[in-house]
Amino acid sequence: MSLSNYIIESKSFCDDAGMNPKEIPFPKVVMTPKELEDKRQDYEEILSVIRFFGNKILDSMKGTPILLAVADARGFILHMMGDETIKNMINQLGIRTGIQFSEEVMGTNVVNLSLKHSGYAIQLIGPDHYHEYLHQTACYAVAFHYTDANNLLGSLIIMTAIEYQNPLMVTMLSTTVDSIERELMLRKQNRKLDIMNQILMDNTRNGIIITDKEGEITDFNHFAQDLTGLSKEQTLGRSVLCLEPMGQYIYDVIRHGKKYEDIQISFERKGSGTRTVCLFDAFPIYDEYKRLIGAFGQFRNITDRYEAEEKYNYLANHDDLTKLPNRRYYKQVLVPLLERAKRGLHPSGIAIMYLDLDRFKLVNDTLGHSNGDLLLKQIAERLTSSLEATDLVARMGGDEFMFLFPIVTDEQQVVHRAERILSLFQHPFNMNGYEFHITASIGIAFYPDDGLDIEMLMIHADTAMYRAKQRGKNQYVIYSDDMQTKSHEKIKMETSLRRAIDNNEFVLYYQPQIDIKSGDIKGAEALIRWMHPERGLVSPYEFIPLAEETGLIIQMDQWVLRTACMQNKSWQEKGLPPMRVAVNLSSQQFSKEYLAETVKAILEETGLEPKFLELEITETMTMDVEHTIPTLRQLHSLGVQISIDDFGTGYSSLNYLKKFSIDRLKIDQSFVRDIMTNSHDSDIVGTIIAMAHNLGLEVIAEGVEEKDQLRFLQYQKCNEVQGYYFSEPIPAEKFELHFQELQEKVKRKY
């Protein structure tokens, strides 16, 4: 049948159907926008090829107004390109993308004829169209296929005004469709090659799984068998969901069209009890018609690499001693958290807490570093036990720990957490059978009030922590802006302190120690003061903690010891009654192996007899018994006297106390202060005095400020007293010049 016969047959069909050629038909079937978009996605590759060659047609026919359109195999218009005037005109007539051309509705047209007679190029010029509204147009169309299977894909159409009709357009359109079909065939063959590459499974060292479109396993290579411990007999023909965890990924590929690349999975190899870590990929498999026919999954063993990375990451991010996260890990968690908060993506407040152990250096100095390490591990365990699910605690180094509370609703919530953490230190720590008490100081900072970045928050939390130490330790402090000034003052203070040592700005004050029976001055405690060139007299409470923190205390200790010995020798030479001078030793000085040699050298240098020197140490300094006993024996063998200062505030063992070479105990003023009003304190003081006497030791009570306190201590048979009731600490010159007056004043107060 010739082309003209096709036209005659079509028009006859339209007449028989009762169509009116003068009417403008309107398509009955129109795709929804969603249906059109889905169809275009299905035809994505085809449309991309047609657009490429369509642009070549438009370029070759510049100056001729033509419109190119693409219809699918059912006659739905999927795409238009070319002359906008023609496009607007036919749009007004109801012809646009998404409509379906059907002969029974649209009459004789090139779309239906080209699809119906796909072996021919179709042209309708003017009256060849059934409806008169198309009589002023010339239209051409050629169907296109996948040539290997000859399955119809659609039609390519050209439309122009009748005055631009040209028989060469049919030839050009046919040539273009040939090019389109060759390109589509080439791409289809490339996809087949890709599929073939996928199924060359046993030439790879990856485990490979292939399923059909129902999700049943159709192939399972020998590497997959080795990695999972499952055989082909156990897997082929079964649902891929039987494989955990990779089965669910492959199932999602089949059911939802997903793709997965480099997903880290782990599973237990059947029968081995060992876990395998793999990187997993999963992709859909399509046939030449872009129909899903199955899925492809592969996984490669990275267990060795994973374990090495895990070990490295753990070592890089954890403290080796306590096993807590370290400073690096803490920052890795906090920095992105703050970034999210800055972008408004974090729904709550954030708080950080800086915890520093009180007097931990004393532990290392007196008990040794091995016991110090044991204490840190026990503290880490307690701190970890206090955490809630979202919290973090890290060891920042030394005896410093940092908490992160990422979900904070109000300040009181963090206060409760701080109080709970401090309560962890109420119970003693057991180190090799020895019970030891220690406290901690805490500083707290909040985002965003106290800082917008990690460095500022940590600095402010650290500043608040030091303020807690200054207030007496064993407490928490929340940062406030005025503390920043104090931090700068501390730096300035350290600089001034170092200069003070070089410039000899320190002086000693002396507080008399009184025989409780006779009222005679039996000794004097040497107390350091700082004569600051600008501030005047500075209390030791301001600079001694800083000296201990910076290590300057060793130089200060030796200066005090030498100066006190020289002063006592000078008093004796000037006729003052012989008496002892008491010098406080720091824990750092007491821990030195050469302490006895230092004391001996200073006594020889100053000419003071050893019996007139008393060295005061604290209870806590005696806890390293293996160091304390030989050190005290060495000092005692020199002939100097030894007293334990602040007795009752530490945790001395009576069993060891009787083994120490000491002469007296010094009751801490905190007990003496309330002996007349607090029965608990009065009982403690009475017990200490009785215990000391039973051990053959003398007792001196400090902090006596009232006559009733003196009377109580006399009744308890305390040996000596000192305090403001008799005299405040006074400079050496005043002590020397007014000694007799001081002695008479003391006796009058009896």
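Student: How many helices and strands does the chain have?

Tutor: The model under discussion is a predicted one. In it, secondary structure of both kinds is present along the chain, and the count is 28 helices and 27 strands.

Student: Why is the chain described as more spread out than a compact globule?

Tutor: The globule rule gives 27 Å for 750 residues. The radius of gyration of this chain is well over that value, so the chain is more spread out than a compact globule. The radius of gyration in question is 48 Å.

Student: What does the C-alpha trace of the chain span along its principal axes?

Tutor: The extent is taken along each principal axis of the C-alpha trace. The spans are about 150 × 60 × 45 Å.

Student: What percentage of the residues of the chain count as buried?

Tutor: A residue counts as buried when its relative accessible area is under 20%. The accessible surface of the chain comes to about 36,000 Å², with 49% of it belonging to carbon and sulfur atoms. Of the 750 residues, the share that counts as buried is 50%.

Student: What share of the contacts with a separation of 6 or more is accounted for by residues 24 or more positions apart?

Tutor: The contacts considered are those in the chain with a separation of 6 or more. Within that set, residues 24 or more positions apart account for 62%.

Student: How far apart are the mean positions of the positive and negative charges?

Tutor: The chain carries 81 positive and 107 negative charges. When a mean position is taken for each set, the two are separated by 1 Å.

Student: How many disulfides does the chain have, by the rule applied here?

Tutor: The rule requires a pair of cysteine sulfur atoms within 2.5 Å. For Cys 139, the nearest cysteine sulfur is that of Cys 14, 14 Å away, and Cys 139 is in no disulfide. Cys 278 is likewise in no disulfide, since the nearest cysteine sulfur, that of Cys 242, is 16 Å away and the cut-off is 2.5 Å. By this rule the count is zero.

Student: Is Cys 278 buried or exposed?

Tutor: Buried residues have under 20% relative accessible area. Cys 139, at 5%, is buried. Cys 278 has a relative accessibility of 0%, so Cys 278 counts as buried.

Student: Which residue is joined to Pro 245 by a cis peptide bond?

Tutor: Most peptide bonds are trans. Pro 245 is found in the loop between α9 (232-235) and α10 (246-256). The bond leading to Pro 245 has omega near 5° and is cis, and the residue it comes from is Glu 244.

Student: Is Glu 244 buried or exposed?

Tutor: Glu 244 is placed in the loop between α9 and α10. Its C-alpha lies 65 Å from that of Ile 8, with the two positions 236 residues apart in sequence numbering. The relative accessibility of Glu 244 is 53%, and the threshold is over 50%, so Glu 244 counts as exposed.

Student: Where is Pro 448 found?

Tutor: Tyr 447 and Pro 448 are joined by a cis peptide bond, with omega about 5°. Pro 448 is found in the loop between β16 (440-447) and α16 (454-470).

Student: In which strand does Asp 262 lie?

Tutor: Most residues other than glycine have a negative phi. Asp 262 is not a glycine, yet its phi is positive, at about 55°. At 46% relative accessibility, Asp 262 counts as partly exposed. The element that holds Asp 262 is strand β8 (residues 260-268).

Student: What is the phi of Lys 473?

Tutor: Lys 473 lies in the loop between α16 and β17 (476-478). Lys 473 is partly exposed, with a relative accessible area of 30%. Although Lys 473 is not a glycine, its phi is positive, at about 70°.

Student: Which residues is Ser 114 in contact with, leaving aside its neighbours within four places in sequence?

Tutor: Ser 114 has its place in helix α6 (residues 110-116). At 0% relative accessibility, Ser 114 counts as buried. With those neighbours left aside, its contacts are Ile 122, Ala 141, Val 142, Ala 143 and Ser 155.

Student: Which residues does His 693 touch, not counting residues up to four places away in sequence?

Tutor: His 693 has its place in helix α25 (residues 679-694), and at 33% relative accessibility it counts as partly exposed. Its C-alpha atom is separated by 9.8 Å from that of Leu 665, 28 residues apart along the chain. The residues that His 693 touches are Val 699, Lys 717 and Asn 719.

Terms used:
Residues are numbered from 1 along each chain as its sequence is written. This is a predicted model: local features need pLDDT of at least 70, side-chain atom pairs count only at pLDDT 80 or more; totals for chains, interfaces and linings use all residues. Side-chain values use heavy atoms; hydrogens and water are left out. Helices (H or I, at least four residues) and strands (E, at least two) are DSSP runs, numbered from the N terminus. The radius of gyration is taken over C-alpha atoms; the globule rule is 2.2 Å times the number of residues to the power 0.38. Buried means under 20% relative accessible area, exposed over 50%, partly exposed in between (1.4 Å probe, protein chains only). Contact means heavy atoms within 4.5 Å. Accessible areas come from the Shrake-Rupley method with a 1.4 Å probe; for residues, only the protein chains shown count as cover. Lys and Arg count as positive and Asp and Glu as negative; His and the chain ends are not counted. The place of a charge is taken as NZ of Lys, CZ of Arg, CG of Asp or CD of Glu.
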